[in-house]
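Visitor: I would be grateful for a close look at a single residue and its surroundings. Please then place that site in the context of the whole chain.

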Amino acid sequence: SQRVVPGLWDSSPRPRMARTLLPILACTSLAGRRAPRLRRAATLVATGCAASAATAQPATGGALVRGDDSLMAPKAHGTTSTPVQERLRWDVDRATADRICSYNRHYAEYAGYYKRTTFIAAFSAAEGETTFYDSVSGKPLFVAPRGRTHDAFLAESSAHGWPSFRDEECVWDNLRILDDGEAVSVDGTHLGHNLPDSKGNRYCINLVSVAGTPVDEAAAGVTRSEL
């Protein structure tokens, strides 16, 4: 049975979906703007925009890639080597993100949490696909919508309560699925769970786990120190 945890944790007993994570990241172009670097950095963080639309998206799709439990072995900061990044996208709560990403294997942000952030507005306003980055490492984990529309992605996520991704939206270079269905990053970040349905694999992900800033911020003219 699932224990009750106050705050942004899901406090109601649920089947395995309640132990899933949410991811999402919007990437749009700020072309034509010549704001000072500090103001631009703040804008990127506040809106969830990471890089220019000209930046190539990571490769996705293919067969599910398995990982073993050693990925989640204890490290310097729970199951990860470092805490979550200082500035996360979409106004997600950093303390909650750190608990779910690095000190958790079974809990999730509460159902519908992503609707109370700026994610939907940023995702809907983005032209084309959005890349979702690991909140700890900054590595890309998902690209959506891919193979469907923005509306289809949002409708499926709303139906289940968490952002929901499909195989063709997964960046398997940085993502693994454990034998029990837990979705994790190659750096030990807890993301959510794979909950297959009649359409195939569905990766139910916590937004706080995929609200990171990309590792290579040079394309956006932003450095970690400026954020």
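Guide: A residue is called buried when its relative accessible area is under 20%. In this predicted model, threonine 189 has a relative accessible area of 0%, and it is therefore buried. Threonine 189 lies in a loop, with strand S6 (182–185) before the loop and strand S7 (190–194) after it. The side chain of threonine 189 forms a polar contact, at 3.0 Å, with the side chain of aspartate 134. Asp134 also appears among the residues that threonine 189 touches, together with Met72, Thr80, Cys101, Val136, Ala183 and Val184; residues up to four places away in sequence are left out of this list.

Turning to the chain as a whole, buried residues account for 54% of its 227 residues. The protein chain has four helices and eight strands, arranged from the N terminus as β-α-α-α-β-β-α-β-β-β-β-β. Of the contacts between residues at least 6 apart in sequence, 72% link residues at least 24 apart.

The largest nonpolar core contains 32 residues, of which Phe119, Phe132 and Phe142 touch the most other members. At least two residues of this core come from each of helix H2 (94–102), helix H3 (119–125), strand S3 (140–144), helix H4 (150–160), strand S5 (175–177) and strand S8 (203–210). S8 contributes the most, with five residues. As for the surface, the protein chain exposes about 9,900 Å², of which carbon and sulfur atoms supply 53%.

Note on methods
Residues are numbered from 1 along each chain as its sequence is written. This is a predicted model: local features need pLDDT of at least 70, side-chain atom pairs count only at pLDDT 80 or more; totals for chains, interfaces and linings use all residues. Side-chain values use heavy atoms; hydrogens and water are left out. Buried means under 20% relative accessible area, exposed over 50%, partly exposed in between (1.4 Å probe, protein chains only). A polar contact is a pair of N or O atoms within 3.5 Å; within protein, one must be able to donate a hydrogen and the other to accept it, and residues adjacent in sequence count only if both atoms are side-chain atoms. Contact means heavy atoms within 4.5 Å. Accessible areas come from the Shrake-Rupley method with a 1.4 Å probe; for residues, only the protein chains shown count as cover. A nonpolar core is a set of buried Ala, Val, Leu, Ile, Met, Phe, Trp, Tyr and Cys residues joined through side-chain atoms within 4.5 Å.
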